[in-house]
Amino acid sequence: MSKEPETTNILVVGIGGQGVMTASEILSQAAISLGLDVKKTEVAGMAQRGGVVTSHVRFGTRVLSPVIAPGDADIIVGFEPAEALRWVTHLKPGGVAMVNVNRLVPPVVSLGLFDYPDDPIAEMRKAGIEVFDFDAGAIARELGDLRMVNTIMMGAIADRLPFPAETLKEIIVERFRAKKEELAELNAKAFEAGRQATASVGNTQKSTETAA
Amino acid sequence: MHAVVKAAAETRHLLSGNEAVARAVWEAGVKLATAYPGTPSTEILENIAFYPDLRAQWSVNEKVSLEVAIGASVVGARAFCAMKHVGMNVASDALMSQTLAGVGGGLVIAIADDVGLSSSQNEQDSRFWGRFGHLPILEPADSQEAYEMTKRAFEISEEFCTPVILRMTTRICHVKTLVTVGERVERPATGFVSDPGQWVLVPTTAKKRLPWQLDREGRMTAFSEMTDLNVEEDGSDDRVGFITSGPAYMHVRESFPDAPVFKLGFSHPLPKERLRAFAAKVGKVVVVEETEPLMEMELLAAGIHVHGKDILPRLHELTPNVLVPAVKGLLGEKVEAEPPQAAAVFPRPPTMCVGCPHLPVYYCLSRLHRQTLISGDIGCYTLGAGHPWNALDTTTCMGASITMAQGMALAKGEADEKKSVVAVIGDSTFLHMGVNGLLDLTYNKGNVTLMLLDNSATGMTGGQDHAGSGRDIHGDEAPRVDFAKLCEAVGIKKERIRVVNAYELPTLYKTIKEETAIDEPSVILTGQPCVLIDSFHKSPPLKVIDEACTGCANCLNVGCPAIHVTRRETEVRKNGKEVEKAWVTIETAACTGCDFCPQTCGPNAIVPVGDVATVM
């Protein structure tokens, strides 16, 4: 059945504590600054305890249901490769996934009760998904601050959004400027680093096998 | 603090339903707002606490919180109370009588139903309370409506002299949508009006008020028939018309943009005549409500032919991917195969945090589980039911660890004869409803060992303060209950109250062994803070010396998420027995240096990061 055709659906996925909800808040603010209607929702009841977090961001002229139905997401922003794989069925045909390759292994895997997928990125590609994979953790370490991962992720998807990358960048920089001037500069740098990381990777990038 | 606290009237903000309700409570001139934390309602009171000109406070439980709010209403002030769905089970004693007395100042109760169970022990439909208590139910569909309906709810409460329930769900509480805000209108308390015939509910009074209550329900029904909170929306495709309320309305509109819809904002009492007229105008009628078929049953009983739970699930959210195939099926249209919700990847259940003070407790309890029955409670420590500990036998509701343990201890038969009974409860839950249970235990001479895990926070809901943390909702100093003295006061012998440091493995283990062996009730009190609260401080992190690690994997039984496996091997022993070995590493950046896991390491391979050079 039909829906508001111009609604953009972004699914941000990861694990409690990674900054998934902050990322979707920033995306929402960017859409609002352009005069769009926005809905943002997450299922994160006990997320602070290392569980799965999925945040749905929808924006357009008028957004009704806050939930992105399976098969309806334009973009998946994956803070963790197995989590991106878990939600890949939410992508619409032709959708893209931007994935940080840093693996977070939960205790149930450490205990040997379940296996971590050998190569989640390759599995997503096998399913026909266009995947942009990059190591946000490594970029953050280069910049000297692991907390930059969130902004790097935002930079990584900035050129795939239906609005200029600069809009998103401005929202992030202003958000940090309110806290500290140095943070604004560092985040601007992180944003550009994320942008470059995905501008230079194609869909045939090497997989995550070597990612720590 | 959210920027909206200082926002000027007529400005627009992206607010969660909880933030929107908080703003509306402030604007409505409320004088006192109370709550006990509970997902998904917690942020309502947390946000109210940021506003000036009104008092916000955490109560020890939902019944207490509602009664405090009722008191404020009785003296003519507007009062507000928020809780999660199961909270009303606790508070309902107050609700079911106060609805008969009515209100002084407007009294609004926000109840947040966890539809889909993101963090609850059951899925309840709080709209039943409207039917049960003969009081109105308002159901917002997004944050703007949550904001507007909260303000309307106070007017309705005062107009009809009734408590009003604002029924939220997770998809209202935790969804952010744009809200245009207004400004606060002061509403001073109008003063207590002495009237024993209203406020003193003895049988003679209550008998006289029952007909008044039914009359009130009749007047509210008339209101429901005419209010703009209930809206009929025309549609060009009248094969199916939808009757819906709450967030389900948004899912209906998304799925069937051309269908006629009757949206109920004031969903109890139902405007049956308007709905009868609506039903007559469309082909088929489908009632879309989360979660129980309440409106559906009432409409069917009124002779209005509707579909509902005959084609829709009675559980969880009614999202577009659920609605579309069901309605297509009803219309005899072809239903396409639905894409799967999620791909098959290992589960990632919530688990305890790195360095959590509950980890050592469950490390010990899992080792003693064969000799014990372990009765659990509601909080982070409920996670002890998961891997690797698997050390909880029961969890039912707030405070039930102690009381159910008493029942187990008193009635256990031959099969459990050699098992001692342990109850596990946290500080906030103990103060919520556990104290009564402990008093009952000592009075009735039950034998239970209570593990009272005091981490100075209501942990699972985000570390809120409480009567045992020494701080109020604003973080200011507050009287702090002395747990050891409290246990003594309700009858636990002083020598049976054992205060131990959770991170000291031998002492903790030995204490549990001793107390479970003794034939009288005892309390083992740990006092190490939650690792997520401000007063927690990390110690220098730890590291595994790879050459010293023997792969015994004992440290994995701690269940700390900072311990990761680097490689596995299967070793065949001389007797032919196969042993799984796993070598580990510790994620230094995450480690809190709690120093517990080194005590589980035979070869002493876990050392402070700074010591590595000297050891090597």
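# A walk across two chains

Start where the chains meet: 47 residues of chain A are in contact with 51 residues of chain B (two residues are in contact if their C-beta atoms, placed from the backbone, lie within 7 Å). You are looking at a predicted model, in which local features need pLDDT of at least 70, side-chain atom pairs count only at pLDDT 80 or more, and totals for chains, interfaces and linings use all residues. To find your way, note that residues are numbered from 1 along each chain as its sequence is written, while chains are lettered from A and ligands numbered from 1 in the order in which they are written.

**Stop 1: chain A's side of the meeting place**

Select helix 1 (20-33), strand 2 (37-43), helix 2 (81-86) and helix 3 (107-110) of chain A; each supplies at least two residues of the side that touches chain B. Helices (H or I, at least four residues) and strands (E, at least two) are DSSP runs, numbered from the N terminus. Strand 2 of chain A gives the largest share of that side, seven residues. Colour the side of chain A that touches chain B by residue type and you get 26 nonpolar, 13 polar and eight charged residues. Here Ala, Val, Leu, Ile, Met, Phe, Trp, Tyr, Cys and Pro count as nonpolar, Asp, Glu, Lys and Arg as charged, and the others, Gly among them, as polar.

**Stop 2: a sheet shared by both chains**

Keep strand 2 of chain A on screen and add strand 8 (residues 175-180) of chain B. They pair in the antiparallel sense over three bridges (strands pair if DSSP finds at least two bridges between them). For one spot to zoom in on, pick A:Lys39, whose bridge partner in strand 8 of chain B is B:Thr177.

Now zoom out. What is the order of the strands in the open sheet of eight? It reads 6(A)-5(A)-4(A)-1(A)-3(A)-2(A)-8(B)-1(B), with mixed pairing. At the edges, each pairing on one side only, sit strand 6 (130-134) of chain A and strand 1 (12-16) of chain B. On average, neighbouring strands of this sheet are turned by 20° against each other, direction ignored.

At the chain B end, strand 1 and strand 8 of chain B run antiparallel and are joined by five bridges. Click on B:His13 and then on B:Val179 in strand 8 of chain B: they are bridge partners. Next select helix 6 (residues 143-160) of chain B, which packs on the sheet and touches strand 1 and strand 8 of chain B; its direction makes about 60° with that of strand 8 of chain B. Axes are lines fitted to C-alpha atoms, for helices over the stretch in contact, and angles run from 0 to 180 degrees between N-to-C directions.

**Stop 3: two helices in chain B**

Show helix 15 (residues 400-411) and helix 16 (residues 427-443) of chain B, whose axes come within 7 Å and cross at roughly 25°. Helix 15 and helix 16 of chain B are therefore roughly parallel to each other (angles under 35 degrees count as roughly parallel, over 145 as roughly antiparallel, 65 to 115 as roughly perpendicular and the rest as oblique). Turn on side chains for B:Ile402, B:Thr403 and B:Gln406 in helix 15 of chain B, which meet residues of helix 16 of chain B including B:Gly434 and B:Leu438. The residues of this contact divide into three nonpolar, four polar and one charged.

**Stop 4: backbone oddities in chain B**

Most residues other than glycine have a negative phi, and most peptide bonds are trans. Go to B:His268 and B:Pro269, joined by a cis peptide bond with omega about -5°. B:Pro269 is in the loop between strand 12 (266-268) and helix 11 (272-281) of chain B. Another cis peptide bond joins B:Glu290 and B:Thr291, with omega about 5°.

Then select B:His316, which is not a glycine but has a positive phi of about 60°. B:His316 counts as partly exposed because it has 13 C-beta neighbours inside 10 Å; a residue is buried with 20 or more other C-beta atoms within 10 Å of its own, exposed with 12 or fewer, and partly exposed in between, C-beta atoms being placed from the backbone.

**Last stop: chain A as a whole**

Chain A holds eight helices and six strands, and 52% of its 212 residues are buried. Colour by pLDDT, the predictor's confidence in each residue, from 0 to 100. Chain A averages 87, with 89% of the residues scoring at least 70. Over residues 203-212 of chain A the pLDDT is below 50, and this stretch has 18 contacts in the model beyond near neighbours in sequence.
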